[in-house]
Every structure is written in C-alpha cells, then in structure tokens.
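Trainee: I'm new to this structure and would like a close look at just one part of it. Could you walk me through the sheets of one chain, and then show me where the empty spaces are?

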There are 2 protein chains.
Amino acid sequence: MPDQLRRLATALLESRGVEPRAAALQADLLVEAELRGLPSHGLQRLPLLLSRLEKGLADGRAQGAFKWSRQAFLGVDGERGLGPVVLMNAMQRLRQNLPETGIAVAAIRNANHIGMLAYYAEIAARQGLIAIVMSTSEALVHPFGGTEAMLGTNPVAIGIPAGERPFVLDLATSVVSMGKIRNHALRGVPIPPGWAVDAHGKPTEDPLAAQSGAIAPFGDAKGYGLGLAIELLVAALAGSALSPDVHGTLDDAHAANKGDLLVLIDPAAGKGAAPALTAYLDSLRLSRPLDPARPVAVPGDGARSRRAAAMAEGITLPQPLFEQLMALEAA
Amino acid sequence: MPDQLRRLATALLESRGVEPRAAALQADLLVEAELRGLPSHGLQRLPLLLSRLEKGLADGRAQGAFKWSRQAFLGVDGERGLGPVVLMNAMQRLRQNLPETGIAVAAIRNANHIGMLAYYAEIAARQGLIAIVMSTSEALVHPFGGTEAMLGTNPVAIGIPAGERPFVLDLATSVVSMGKIRNHALRGVPIPPGWAVDAHGKPTEDPLAAQSGAIAPFGDAKGYGLGLAIELLVAALAGSALSPDVHGTLDDAHAANKGDLLVLIDPAAGKGAAPALTAYLDSLRLSRPLDPARPVAVPGDGARSRRAAAMAEGITLPQPLFEQLMALEAA
C-alpha cells in the first residue's frame with residue numbers, strides 16, 4: 001500500500017514535469033507523513049503542489065543554487081524548487097563540509113514547502129549527525145498576550161543519534177495546527193478553551209470563528225518566545241519574508257517566500273558518548289509513568305510505532321482525497 | 001546601589017582568590033540578575049559560590065582550556081573555573097572565528113554555574129551577533145507523562161540583534177523554577193495544579209511535597225521534548241554528565257559536571273536585513289493585546305523595563321541575605 005501510494009504520487013509529479021529523482025523524494029516525504037500518522041503533511045498536500053507546478057510556482061527541475069558565504073555558512077536560493085529537493089541537496093553539502101568545520105548551517109529562501117520536518121532530522125540522525133531544522137509559514141499564530149495572527153506556526157525539528165531509536169523531535173510552536181481546528185469544524189465539535197481567538201480577538205471555542213482568527217502559541221510566553229525566535233532566526237539568515245508577508249505554502253497564487261534553516265553538527269567533533277545517550281533514553285522510557293497504562297515516551301517513539309502499525313495494517317486515506325488523487329491521475 | 005553591590009561581591013570573590021577581572025565579571029552577572037528581577041540567579045547564589053571557592057570546587061584563577069577540534073567547533077575544558085569567565089572566554093574565541101566560518105559552537109564541560117543565560121545572549125546581540133546558549137543542571141524535572149525527576153531545568157537563551165531593543169529570550173524548560181516553589185513554601189501558599197508531583201509521583205499542590213518530588217516541563221509534551229533535546233545536545237557535544245548524575249550547581253560538595261553550549265552566528269553571513277526585524281518587532285509590540293492594559297511584549301522587553309526601574313529605585317535585597325553578605329564581608 002505505501003509503495004502503491006508512492007508510485008501514484010511519483011507518477012502525478014512526473015506528469016507535471018518533475019524530474020524522476022525529485023518526484024520520488026517528494027512522494028516519499030508525503031507517504032512517510034501518512035505512515036507516521038501526520039496526514040496534515042501527507043498526500044492531502046499533493047493536489048495543491050500539482051497545481052503549483054502547473055502554474056510555474058514550483059519548478060520540478062530546480063535543484064537550488066548554493067553558495068558558501070563563509071566556511072560553515074551555506075546560502076541557498078531554492079529557485080522555486082520542491083522543498084525536499086532543495087533541503088536534501090543542502091544537507092548533502094553541509095555533510096560534506098562537516099569533517100572540516102564540525103558544524104554548518106544552510107539558510108534557504110525561495111523553496112517550496114519542506115513538509116514534515118522530522119523526515120530530515122531522522123535521516124541525519126540515522127547517519128550519525130545532529131540536525132536542527134526550522135521553517136517559517138504564513139501568519140496564523142498570535143503573540144502571547146496578543147490577539148492578531150502575527151507569527152507562523154514556525155516548527156522546529158531536532159534529530160540526535162541514539163542507537164536504533166534516535167531522538168526525533170518535531171513540534172510546531174502553535175498550541176495546535178490549523179488542520180486540527182479545521183477538523184473540529186468538519187466534525188461540528190467545539191475546540192478547547194485556550195486554542196484560539198476569533199477575528200475580533202475574543203477567545204473562542206467555535207472552530208469556524210477560530211479559522212478567521214488566530215491560534216495560540218504553545219506553552220504561553222515560553223512557546224511564544226521560541227516561535228518568535230524561529231521567525232527571526234530564519235528571516236535574519238535566509239533573507240526570507242516575515243510571516244505577515246509570507247505566501248505560497250497554502251495557496252497556488254504566490255511564489256513561496258518563507259524560509260528554512262538546517263544546522264548539522266558532527267557529534268564526533270565533541271566529547272560525548274552515544275551509548276550513554278541511548279542508555280539514558282532507555283531509562284526515561286522505563287521511568288515511572290503518571291498513568292501505568294501509558295509508558296513514558298521519547299520524541300520519535302510515537303511516530304515509529306504508528307509507522308510500524310501502518311506498515312502492517314495499511315494507510316487509510318479519506319475517501320474524498322483518494323477520489324481526488326484518482327481523478328488527477330486520470331486527467 | 002548596584003555599584004555598591006558590585007563592589008561588595010567583587011571584594012568577597014577576590015578575598016577567596018578570584019583574580020580581579022574574573023571577580024568583576026562574576027559580580028556583574030549576579031547584580032545584573034538582581035537588576036532584571038531574577039533574584040534566583042542573583043546575589044543569593046554568592047554564599048554558595050564563595051564556599052565552593054574555599055573548598056577548591058571552583059577555581060578563581062582558571063580561564064578554561066580551549067581546543068578547536070574542527071574549524072568551527074571549540075571544545076572547552078572549564079578547569080573548574082567560574083562559569084561566566086569560561087563562557088566569556090569561549091565567546092571571545094568564537095567571535096574571532098566568525099569572519100571565517102559564519103557559525104561556530106563551543107561545548108563546555110567542567111565549568112561552574114553560568115547563571116542567567118540572558119546575560120550572554122544580550123552581550124552577543126548588542127555586538128551584532130546571534131547567540132544561542134544552553135545549559136544543563138541537576139535532575140529536577142519529570143518527563144511528560146512521567147513522575148520522576150530525570151531532566152534538568154535545561155534553560156536556553158537566544159539573542160538576536162534588533163536595533164536598540166534586541167530580542168533576548170531566556171527560558172527554563174520547566175513550567176516553573178524550584179526557587180519559586182521554595183518561595184511558595186516559605187509563604188505557606190499552595191502551588192497551582194500541574195506544577196509538580198510529590199516523591200510518590202502523585203500530583204501535588206503542597207510546595208513542601210513538591211520539593212522532594214519533581215517539577216513538570218513547560219508546555220506539556222512539546223516543552224518536555226525541547227528540554228530533553230537540550231539535555232542530549234549538551235551531553236553529546238560537551239561530554240558532560242546527564243542530569244541524573246549532575247552535581248555541583250546547587251551544593252558545595254561536588255565539582256560541577258553539567259555542560260554548557262554556546263552557538264554564535266554572524267548575521268552578516270546571511271541575507272536578512274536587521275531593520276526589517278526591528279520594524280517587525282515594533283509591529284508586534286503595537287499589535288492588539290488581549291488585555292488593553294497589557295501591551296504585547298517581545299522577549300527582553302520585561303527585563304529591560306525592570307532594569308530601568310531598579311536603576312532608578314534601587315535593588316531590594318531580603319534582609320537575611322543582606323546580613324549574610326555583610327557577615328561574609330566581615331569574616
């Protein structure tokens with residue numbers, strides 16, 4: 001089933017002029033999001049991406065233009081390329097640099113949506129490298145103590161090697177995704193207090209009102225501070241737009257002008273011992289849980305177990321999405 | 001008043017063998033914490049530090065040993081030196097390296113407590129550099145869904161240049177500091193639900209029970225993930241202890257074996273424009289607040305206004321601390 005979906009997505013992308021390796025990578029990213037239980041970053045993103053390719057807002061042949069402005073600082077112009085293509089090309093260049101510099105950063109502008117950040121963090125961690133990935137987005141989140149959408153959901157992922165089960169954190173700095181609020185609206189269910197304000201800045205439990213308002217940052221002032229730090233770091237280094245001016249990850253009318261950062265670090269440059277980290281993570285997993293039925297987890301564990309279940313049981317796509325993909329294939 | 005306190009602290013440190021420049025730096029850090037309204041990192045730390053100096057657990061002459069293991073990776077053995085001395089020495093070396101590499105990291109072990117992280121982030125930001133500072137600590141925080149103290153409070157600070165009012169974020173990844181829980185105990189006031197569990201792992205509102213239990217991470221699973229990432233990043237790169245084995249920032253019986261990371265980035269290596277960041281931060285400050293009486297703030301604003309007030313009105317030390325410092329001076 002995952003293979004079928006990969007082939008379907010690859011064929012759809014190739015039919016819109018995406019070169020074969022790039023199509024396979026983009027398809028794999030979308031299917032991996034389905035496998036890991038993150039459908040908001042899965043195949044539901046494909047129809048929009050195909051439309052962006054048709055309109056020339058995404059270029060399926062672009063690989064990105066890379067320039068080392070300093071020995072460990074890679075400036076990247078994504079040239080409207082697919083997000084995963086540009087990001088993986090940047091990762092390869094950083095990796096080649098690490099034996100010399102130990103740490104290196106790529107600052108990416110003009111690339112399309114890079115999708116589920118954990119994908120890249122896990123690849124790096126499985127290669128024995130530490131990765132930190134950040135991305136900005138359209139303004140959807142209000143400041144702590146504020147009511148206007150002024151920040152992106154600004155996710156960050158961190159991958160750290162640790163034996164067979166690397167640490168893979170991937171979090172949006174909003175308390176919840178807009179996708180989840182849309183899902184509440186579809187089901188006609190109110191959202192919990194504290195998730196969002198409406199267009200007038202009043203706290204709301206109405207998911208429809210929330211969609212024209214703004215989402216709260218996670219973790220009050222601290223999560224707001226972290227999301228804002230990501231906003232500023234990406235814009236400062238990539239020269240990308242600040243989120244009130246960002247377009248092109250949720251529409252097919254604008255070029256994508258958000259930014260992405262990738263930091264790679266070679267742990268071999270440091271003094272730490274990977275076995276100690278692995279043993280420590282195992283001790284966390286075995287520590288006393290609050291609810292005896294729910295063991296303590298390490299970031300990455302949940303995605304791995306959801307992936308294993310999906311590999312065994314298959315992926316369930318919503319019927320309308322499945323039909324949409326079939327229609328696109330027939331077109 | 002700040003000058004008097006600086007002179008008092010400097011004299012006390014020098015009388016325990018700290019060389020004059022190091023004493024002035026350590027004293028300035030402690031007084032700055034008082035000025036910015038963070039007494040938990042202020043002069044109340046001084047008596048313990050003096051005791052550590054007397055016992056040889058802190059060395060007031062050590063500057064740290066520095067070795068570039070790669071072009072942008074600085075390994076640092078703190079040699080039991082004062083935290084701020086070792087950290088500022090590392091910052092100077094990273095800064096000298098940035099024209100070549102654009103980004104550089106120092107991984108520090110065997111240094112004493114570095115105190116208020118915002119101090120360093122702000123210094124770097126005022127010099128036009130981006131700084132990320134992380135530190136580990138004794139185990140005080142339980143995992144999300146767990147009940148045992150397995151993580152440090154693992155703070156992170158991020159400084160980003162932005163005109164006269166740089167962005168300076170400084171947050172512990174615990175929902176609250178152990179200092180604040182102690183303060184509730186002193187006042188005989190219960191702590192809010194969700195802050196802590198007792199030694200048996202039961203959620204508690206009793207501040208005394210919380211002190212022998214564990215503090216919650218901030219922001220539920222996301223804040224836990226971030227705190228754990230800091231735990232792993234520091235240990236992986238610095239070769240420092242993981243928090244269940246950390247000693248020496250809260251006691252005068254052990255050498256300090258936690259670790260610290262400092263990442264410096266030169267924004268001039270990137271494509272961003274500082275005026276755009278400054279204008280964006282101003283637009284946040286002017287955006288519609290939830291409570292009309294409380295304007296939206298940017299991380300760093302609160303500390304700056306508390307500092308301005310303290311410079312005008314003076315610093316209020318608790319009487320017992322003042323008497324303790326006077327007694328130490330007379331000794």
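Mentor: Let's start with strand β7 of chain A, residues 196-197, which pairs with β8(A) in the antiparallel sense over 2 bridges. If you want a spot to click on, find A:Ala196, which stands opposite A:Thr204 in β8(A). Keep in mind as we go that this is a predicted model.

Those two strands belong to an open sheet of 3 strands in chain A, with the order β8-β7-β9 and antiparallel pairing. At its edges stand β8 (203-204) and β9 (214-215) of chain A, and each has a single partner strand, so one side of each is left without a neighbour in the sheet.

Now zoom out a little. The domain assignment splits chain A into domain 1 (63-172 + 219-269) and domain 2 (175-216). Notice that domain 1 is written as two stretches of residues, 63-172 and 219-269. Taken over C-alpha atoms, the centres of domain 1 and domain 2 of chain A are 26 Å apart. Where they touch, domain 1 of chain A puts in 6 residues and domain 2 of chain A puts in 7 residues.

Next, hop over to another sheet of chain A. This one is open too, with 7 strands in the order β1-β2-β3-β10-β4-β5-β6, and its pairing is mixed. The edge strands are β1 (65-70) and β6 (167-171) of chain A, each pairing on one side only. On average, neighbouring strands here are turned by 15° against each other, if you ignore direction.

What does "mixed" look like when you trace it? Begin at the β1 end: β1(A) and β2(A) run antiparallel and are joined by 5 bridges. Together they make a hairpin, with 2 residues between the strands. One pair to pick out is A:Ala65, whose bridge partner in β2(A) is A:Asp77. Now step one strand further along: β2 (residues 73-77) and β3 (residues 103-109) of chain A pair in the parallel sense, over 5 bridges. Here you can look for A:Phe73, which stands opposite A:Val105 in β3(A). So β2(A) is antiparallel to β1(A) and parallel to β3(A), in a sheet whose pairing is mixed.

There's a helix to find against this sheet as well. Helix α5 of chain A, residues 118-126, lies across β4, β5, β6 and β10 of chain A, and runs at about 15° to β5(A).

Some of those strands turn up again when you look for empty space. Searching the whole structure gives 5 cavities of 30 Å³ or more. The largest cavity holds about 370 Å³ of space. Its lining is made of 25 residues, and nearest its centre are A:Ile132, A:Met134, B:Ile132, B:Met134 and B:Ile158. The elements giving two or more residues to that lining are β4 (130-135), β5 (156-160), α8 (220-238) and β10 (259-265) of chain A, along with β4 (130-135), β5 (156-160), α8 (220-238) and β10 (259-265) of chain B. The largest share, 5 residues, comes from α8(A). As for character, the lining has 25 nonpolar residues, no polar ones and no charged ones.

For a contrasting spot, swing over to chain B and the second largest pocket, with about 240 Å³ of space. Among the residues lining this pocket are B:Glu19, B:Arg21, B:Gln63, B:Met88 and B:Arg95. Both α2 (20-35) and α4 (83-101) of chain B supply at least two residues of the lining, and the largest share, 5 residues, comes from α4(B). This lining divides into 4 nonpolar, 4 polar and 3 charged residues.

How values were computed
Residues are numbered from 1 along each chain as its sequence is written. Chains are lettered from A and ligands numbered from 1 in the order in which they are written. This is a predicted model: local features need pLDDT of at least 70, side-chain atom pairs count only at pLDDT 80 or more; totals for chains, interfaces and linings use all residues. Side-chain values use heavy atoms; hydrogens and water are left out. On a 1 Å grid over the protein atoms alone, a cavity is a set of points where a 1.4 Å probe fits but cannot get out, and a pocket is an open set with protein on both sides within 12 Å along at least five of seven lines; lining residues have an atom within 4 Å of a point. Grid points are joined across faces, edges and corners, and a volume is the space filled by probe spheres set on the points. Helices (H or I, at least four residues) and strands (E, at least two) are DSSP runs, numbered from the N terminus. Ala, Val, Leu, Ile, Met, Phe, Trp, Tyr, Cys and Pro count as nonpolar, Asp, Glu, Lys and Arg as charged, and the others, Gly among them, as polar. Two strands pair if DSSP finds at least two bridges between them. Axes are lines fitted to C-alpha atoms, for helices over the stretch in contact, and angles run from 0 to 180 degrees between N-to-C directions. Contact means heavy atoms within 4.5 Å. Domain bounds come from an automatic or database domain assignment.
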